[in-house]
Amino acid sequence: MAAEEVLQTVDHYKTEIERLTKELTETTHEKIQAAEYGLVVLEEKLTLKQQYDELEAEYDSLKQELEQLKEGPLLLKDVIYDVLNQLAFQFSM
């Protein structure tokens with residue numbers, strides 16, 4: 001009976017090794033999938049950050065252009081005022 005018990009124990013250990021090997025393979029596969037997903041998320045984050053930086057730069061440029069356009073009529077008004085003053089001065093002589 002000792003030999004039969006040894007065979008049962010060996011069979012039990014073989015079954016346990018097969019189960020653990022299968023579980024290890026599945027767990028390793030899940031970890032690899034998680035790592036791949038993490039890389040995809042990281043790449044997407046970097047792409048979004050680059051797009052954000054580009055949009056922010058464009059916004060700043062457009063904001064500056066808008067400020068210059070707002071100043072334009074004031075400058076034109078000053079030029080017209082100066083010309084009118086010069087004309088008035090010339091006609092008053």
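A residue counts as buried when its relative accessible area is under 20%, and by that cut-off buried residues make up 0% of the 93 residues in this predicted model.

Begin with the whole chain in view. The secondary structure comes to 1 helix and 0 strands, and the C-alpha atoms fill a box of roughly 135 × 10 × 10 Å along the principal axes. The radius of gyration is 40 Å, whereas a compact globule of 93 residues would have one near 12 Å. About 9,100 Å² is exposed, of which carbon and sulfur atoms supply 63%.

Next, colour the charged side chains: there are 9 positive and 21 negative ones, and the centres of the two sets lie 3 Å apart. A search of the whole structure finds 4 salt bridges.

Select Glu-16 and Arg-19, which lie 3 residues apart in helix α1, about one turn of the helix; their closest N and O atoms are 2.5 Å apart in a salt bridge. Glu-16 is partly exposed at 28% relative accessibility, and Arg-19 is partly exposed at 41%.

Move on to Lys-49 and Asp-53, a salt bridge with its closest N and O atoms 3.0 Å apart, where the partners are 4 residues apart in helix α1, about one helical turn.

Then select Glu-67 and Lys-70, whose salt bridge has its closest N and O atoms 3.9 Å apart. Returning to the earlier pair, add Glu-23 to the selection, since salt bridges that share partners join Glu-16, Arg-19 and Glu-23 into one network.

Finish with Leu-76, Val-79, Ile-80, Val-83, Leu-84, Leu-87 and Phe-91, which make a nonpolar surface patch of about 700 Å²; Leu-84, one of these residues, is found in helix α1, residues 2-92.

Note on methods. Residues numbered from 1 in each chain as written. Predicted model: local features only at pLDDT ≥ 70, side-chain atom pairs only at ≥ 80, totals over all residues. Heavy atoms only, no water. Patch = residues over 30% accessible without salt bridge, like charges linked within 9 Å, V, L, I, M, F, W, Y side chains within 5 Å. Areas by Shrake-Rupley, 256 points an atom, 1.4 Å probe, with all protein chains shown as cover. Salt bridge = Lys/Arg side-chain N within 4 Å of Asp/Glu carboxyl O. Helix = DSSP H or I, 4+ residues; strand = E, 2+ residues; numbered from the N terminus. Rg over C-alpha atoms; globule rule 2.2 N^0.38 Å. Buried < 20%, exposed > 50% of the residue type's maximum accessible area, 1.4 Å probe, protein only. Lys, Arg positive; Asp, Glu negative; His and termini not counted. Charge placed at Lys NZ, Arg CZ, Asp CG, Glu CD.
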